[in-house]
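Work through the following exercises with the structure open beside you, and try each task before you read its solution.

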Amino acid sequence: MTTVATDRPAEMNCAVNHGMRFPKGVVVPVLLIALAEAAFRLAGFRSDSIAPPSVVAVDLYRGLLDGQILEATRTTLVAAFSGLLIGGLLGLTMGVLRATFRRLDQLLEVTTETIRPIPSIAILPVAILIFGFGYSLEISLVSLSCIFTTFILTRAAVLGVDRRMLEVGLVLRLNLWDRMRKLILPAAFPRIFVAFRWATSLSLIVAVTTEIAANPIGLGSAMMMAQQSLNPGLTVAYLVWIGFVGWLLNFLLIKVQRRYFARFSTSALDEK
Amino acid sequence: MLKQAPTQPVKDREMLMSSAVKVKPTDPAPKKLIELSGVSVTLGGRTILTDVDLDIADGEILCVVGGSGTGKTTLLRAIAGLVPASKGAIAVAGEPVRAPRQDVAVVFQDYGKALLPWRTAYANVALALEANKTPRKERKEIIHGLLDKVGLGGHSEKYPSELSGGMQQRLQIARCLAQRPSVLLMDEPFGALDAMTRQDLQDEMLRIAATGDMTIFFVTHDLEEAVYLGDRVIGLAPDPGRIGITVDVDLPRPRNQLTTREDGTFLQRRRELFDFIQETEK
């Protein structure tokens with residue numbers, strides 16, 4: 001017999017190495033922050049439009065402590081995730097169906113290709129007329145943007161399933177539903193998860209944009225209020241926090257991906 | 001029935017005529033299990049196979065050889081019901097083949113793509129049982145039995161990526177056996193394996209075929225493998241693919257990797273096929 005090939009995911013080894021090494025990537029941002037702080041202090045610079053990092057840090061700390069940042073975060077995430085859920089499920093269904101049934105794909109192609117290029121945020125004025133302000137406005141815009149991202153990537157993922165896998169299903173005489181459930185979707189799942197990750201970051205972008213542009217709720221709106229009350233420290237604190245939330249979401253999803261999809265064909269996992 | 005390419009030397013033809021069809025020495029009148037009459041396959045406007053007449057007896061091991069592009073795999077896929085015959089008729093156990101059948105299993109060459117990487121060895125075999133609606137309670141015993149049979153008894157909880165190439169192919173064979181097939185269609189199943197593993201698997205396949213009373217249609221481009229395994233070897237000629245030669249392998253069973261391969265008849269049969277392939281590739 002030949003030897004057993006142990007096919008450990010490569011990232012496991014990388015993770016170990018990363019833990020041992022000095023994080024070089026942190027040097028530049030830390031240095032820049034220190035420089036900015038030094039510039040403010042040495043020059044005695046005062047401004048209504050820019051705040052030194054120390055002020056931003058204090059405002060962020062206060063905002064977190066009194067709960068206003070967390071409350072706004074909850075609102076934004078509820079809207080973003082609801083939209084992600086609705087849009088993601090619709091996009092997933094549409095992607096799977098259109099990859100499976102060629103006729104349907106052809107039938108809907110012109111319609112979707114016409115709507116798809118419209119930036120979902122451009123629909124905001126129309127959406128305000130329909131939904132007014134509040135959750136429903138934001139959720140509808142987020143879902144719209146997520147539908148197409150999820151749809152396109154899911155369709156590609158399902159079409160990308162190896163022909164051999166489909167033949168295994170045919171030869172074993174699995175019915176269409178079982179082929180879908182047991183072969184095609186699991187085989188496409190790592191790529192579909194990548195679609196989900198993209199849609200998640202998009203949902204946060206669209207939610208915050210909607211809030212900044214019009215909707216008086218959530219993080220975007222709170223940031224605008226801080227800006228309008230000429231509080232640069234808090235404005236930038238919100239910006240830093242939004243960045244952190246986005247980073248955290250992506251970090252968690254990559255963790256999930258590595259933890260659960262290492263078994264799936266590794267070539268389907270991108271490390272973005 | 002013997003068919004030969006017109007280019008075949010006359011002495012070979014005489015020799016072939018003299019060798020009787022020995023499918024199973026113990027079985028005086030083997031019944032036909034697979035019948036192809038006048039089968040042509042056209043795909044995308046191109047004729048891949050033309051006018052194939054072929055009967056395969058119950059329990060026979062038939063090997064198919066031929067250069068690339070002679071339609072070996074297409075012939076297998078037609079019998080499997082994966083591609084339709086554009087002319088002629090294919091029947092298995094007397095019934096026309098229109099779609100894949102439960103009693104016909106296919107072993108693909110690329111086991112890496114045919115196995116489900118997210119399922120353990122156990123669950124990969126289970127897939128076939130789920131497909132043919134075997135009651136849940138009976139599955140465990142069947143699966144462990146099959147994994148033992150192909151020598152993967154201790155590996156039931158491993159994922160395909162944790163198994164070597166040879167073990168993955170054994171696993172695919174186990175999954176095919178779970179279908180309880182009477183016909184095993186094998187498409188260059190050992191082509192990607194190293195020589196030692198290939199020989200192990202050849203012998204195991206013969207053992208499984210003998211105990212399971214199975215009919216095997218075995219596509220390979222390895223002439224020695226074809227002669228070693230087969231009761232009969234057909235060679236396909238190209239453009240379009242058709243049966244160019246039929247060689248009966250009158251070698252005793254059980255076969256042995258050393259003595260069979262040194263046998264004069266073995267070498268002679270291999271030579272006939274070699275000459276045929278040489279001739280068709282000119």
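The exercises below concern a predicted model, and they treat a pair of helices and then the cavities.

**Exercise 1.** Determine how helix H6 of chain A and helix H7 of chain A are placed with respect to each other, and which residues of the two helices meet.

*Solution.*
Step 1. Locate the two helices in chain A: H6(A) covers residues 124–131 and H7(A) covers residues 135–159.
Step 2. Consider their axes, which come within 9 Å and cross at roughly 135°. Because angles over 145 degrees would count as roughly antiparallel and 65 to 115 as roughly perpendicular, this angle makes H6(A) oblique to H7(A).
Step 3. Look at the sense of the crossing, which is right-handed where H6(A) passes H7(A).
Step 4. Find the residues in contact: on the side of H6(A) they are A:Leu124, A:Ala127, A:Ile128 and A:Phe131, and they meet A:Ser136, A:Leu137, A:Ser140 and A:Leu141 of H7(A).
Step 5. Sort these contact residues by character, which gives six nonpolar, two polar and no charged.

**Exercise 2.** State how many cavities of 30 Å³ or more the model holds, and describe the lining of the largest cavity.

*Solution.*
Step 1. Begin with the count, which comes to two cavities of 30 Å³ or more.
Step 2. Take the largest cavity, whose volume is about 50 Å³.
Step 3. List its lining, to which chain A gives A:Val168, A:Val171 and A:Leu172, while chain B gives B:Val106, B:Phe108, B:Gln172, B:Arg175 and B:Cys176.
Step 4. Assign the lining to helices: H8 of chain A (163–171) and H6 of chain B (165–177) each supply at least two residues, and the largest share, three residues, comes from H6(B).
Step 5. Classify the lining of the largest cavity, which divides into six nonpolar residues, one polar and one charged.

**Exercise 3.** Which residues line the second largest cavity, and which helix gives the most to that lining?

*Solution.*
Step 1. Note the volume of the second largest cavity, which is about 40 Å³.
Step 2. Read off its lining, which is made up of B:Val150, B:Arg170, B:Ile173, B:Leu201, B:Glu204, B:Met205 and B:Ile208.
Step 3. Name the elements of chain B that give two or more residues to this lining, namely H6 and H7, the latter spanning 195–212.
Step 4. Identify the main contributor, H7(B), which gives the most, with four residues.
Step 5. Finish with the character of the lining of the second largest cavity, where five residues are nonpolar, none is polar and two are charged.

Methods:
Residues numbered from 1 in each chain as written. Chains lettered and ligands numbered in written order. Predicted model: local features only at pLDDT ≥ 70, side-chain atom pairs only at ≥ 80, totals over all residues. Heavy atoms only, no water. Axes fitted to C-alpha atoms, helices over the stretch in contact; angles between N-to-C directions. Parallel < 35°, antiparallel > 145°, perpendicular 65-115°, else oblique. Left-handed = near helix turned anticlockwise from the far one by under 90°. Contact = heavy atoms within 4.5 Å. Nonpolar A, V, L, I, M, F, W, Y, C, P; charged D, E, K, R; others polar. 1 Å grid on protein atoms, 1.4 Å probe; cavity = no way out; pocket = protein on both sides within 12 Å on 5 of 7 lines; lining within 4 Å. Points joined across faces, edges and corners; volume = space filled by probe spheres on them.
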